[in-house]
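Biologist: I'm new to reading protein models. Could you walk me through this one, feature by feature?

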Amino acid sequence: MTSISKIALACAALVAASGAFAQKAGDNIVSIGLASINPDTNVGPLVSTGAAGTPNAVAGAFNASNAGLRGSIGSQTTVSFGWLHMYSDNIGVELSLGIPPKLTLDLQRANGTTEQGAATVKSLTPAVIAKYIFNTPQDKIRPYLGLGVSHVSFKDVSPSAAASIQALAGNGASLESTWAPVYNAGVVYNIDEKWSVIGSVAYLPIRTTATFLGKTGPIPLAPANGVTTKSDVGLDTMDYVIRVGYRF
């Protein structure tokens, strides 16, 4: 074999070795970055009952005053973490979580009045997502699709001091924990064999139930103490995430 042929083979081997990027069987990739949380909020009809669990005149008046109530939550940005383990060159499972963002709820009544900053709440949405990553470990760009599940919980629910909100939830408020599917798509750009940049979008259709404990106030804005109000709440949430990953 000529010297030129040997050099060519050596160069080819070097290129092949340097092309072995990340996301291959047995790899672990940890990542950190930012996530933009964008909930599309749907508040169902509010149903109030008396302290003994039966409807009463005060609760009925309160229900009438809140007919057609709508809610909206603005987007928030938080720190996001991920840990991906590759079971094959194309299949991996990721644990994804982030610092709980503080979400602010605005309420709009059918009569046109708005309760800005009606309440704040922190949401925790750790998720486990199975991912199919296209292309090969030698490729710099690897798109993927993912499907998983998230356990959604809420803490630090804080109603505002406005009179009508205190009437609704002045003695306490809570949202039930729930499970939600996670639909995920993204792309990995491999900088080298250790470092990568990951961009993704996830959709979580979250369904929960809110419970409010009313505080005494003037009818029809407020029920008497002991009146409980419940409502179904939908949070169709889009998460946009960008992270830097490290393979080990």
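Modeller: Sure! Let's start with the outside: the accessible surface of the protein comes to about 12,400 Å², and carbon and sulfur atoms own 65% of it. Keep in mind that this is a predicted model.

Biologist: How many helices and strands does the protein have?

Modeller: The secondary structure comes to three helices and 13 strands.

Biologist: And what share of the residues counts as buried?

Modeller: Of the 248 residues, 39% count as buried. You can also look at who touches whom: among contacts between residues at least 6 apart in sequence, 72% join residues at least 24 apart.

Biologist: Let's take one strand. How do I read its two sides?

Modeller: Here's the general idea: in a regular strand the side chains alternate between the two faces of the sheet. Now try strand 11, residues 178–190. Its covered face carries Thr 178, Ala 180, Val 182, Asn 184, Gly 186, Val 188 and Asn 190. The uncovered face has Trp 179, Pro 181, Tyr 183, Ala 185, Val 187 and Tyr 189.

Biologist: Which strands pair with strand 11?

Modeller: One is strand 9 (residues 141–159), which pairs with strand 11 in the antiparallel sense over twelve bridges. To find a spot on the model, look at Ile 141, whose bridge partner in strand 11 is Tyr 189. Another is strand 12 (residues 195–213), joined to strand 11 by eight bridges, also antiparallel. There, Val 187 has Gly 199 as its bridge partner in strand 12.

Biologist: How many residues lie between strand 11 and strand 12?

Modeller: Four, and the two strands form a hairpin.

Biologist: What about ring-to-ring pairs? How many aromatic pairs are there?

Modeller: The structure holds three aromatic pairs. One of them is Tyr 183 with Tyr 203, a stacked pair at 6.3 Å centre to centre, with 25 degrees between the planes. It counts as stacked because the planes are under 30 degrees apart. Tyr 183 sits in strand 11 and Tyr 203 in strand 12, 20 residues apart, so the pair links distant parts of the chain.

Biologist: Are those two rings' residues buried or exposed?

Modeller: Neither label fits, as it turns out. Tyr 183 is partly exposed, with a relative accessible area of 43%. Tyr 203 is partly exposed as well, at 30%.

Biologist: Now the inside. What should I expect of nonpolar residues?

Modeller: In soluble globular proteins, nonpolar side chains tend to be buried together. In this model, the largest nonpolar core has 24 residues, and Phe 154, Val 182, Ile 206 and Leu 235 touch the most other members. Elements giving two or more residues to this core include strand 9, helix 3 (163–169), strand 11 and strand 13 (228–247). Strand 12 gives the most, with five residues.

Biologist: Which residues does Phe 154 contact?

Modeller: Leaving aside neighbours within four places in sequence, Phe 154 is in contact with Val 121, Lys 122, Ser 123, Leu 175, Glu 176, Ile 206, Thr 208 and Leu 235. Apart from the largest core lies another one, of seven residues, among them Ile 29, Leu 84, Tyr 144 and Ile 198.

Biologist: Can we practise the buried/exposed reading on a few more residues?

Modeller: Good plan. Ser 31, in strand 1 (residues 28–43), has 9% relative accessibility, so it counts as buried. Beyond its neighbours up to four places away in sequence, Ser 31 touches residues including Ser 80, Phe 81, Ile 198 and Arg 243.

Biologist: And at the other end of the scale, is Asn 42 buried or exposed?

Modeller: Asn 42, found in strand 1, counts as exposed because its relative accessibility is 51% and the cut-off is over 50%. Its C-alpha atom is separated by 7.4 Å from that of Ser 72, 30 residues apart along the chain. Leaving aside neighbours within four places, Asn 42 is in contact with Asp 232, Val 233 and Gly 234.

Biologist: What does the side chain of Thr 209 do with Asp 232?

Modeller: The two side chains are joined by a polar contact of 3.5 Å. Thr 209 is found in strand 12, and at 18% relative accessibility it counts as buried, since buried means under 20%.

Methods
Residues numbered from 1 in each chain as written. Predicted model: local features only at pLDDT ≥ 70, side-chain atom pairs only at ≥ 80, totals over all residues. Heavy atoms only, no water. Buried < 20%, exposed > 50% of the residue type's maximum accessible area, 1.4 Å probe, protein only. Pairing = 2+ DSSP bridges. Phe/Tyr/Trp six-rings, centres within 6.5 Å; stacked < 30°, edge-to-face > 60°. Contact = heavy atoms within 4.5 Å. Areas by Shrake-Rupley, 256 points an atom, 1.4 Å probe, with all protein chains shown as cover. Core = buried A, V, L, I, M, F, W, Y, C linked by side-chain atoms within 4.5 Å. Polar contact = N/O pair within 3.5 Å; in protein donor to acceptor, adjacent residues only side chain to side chain.
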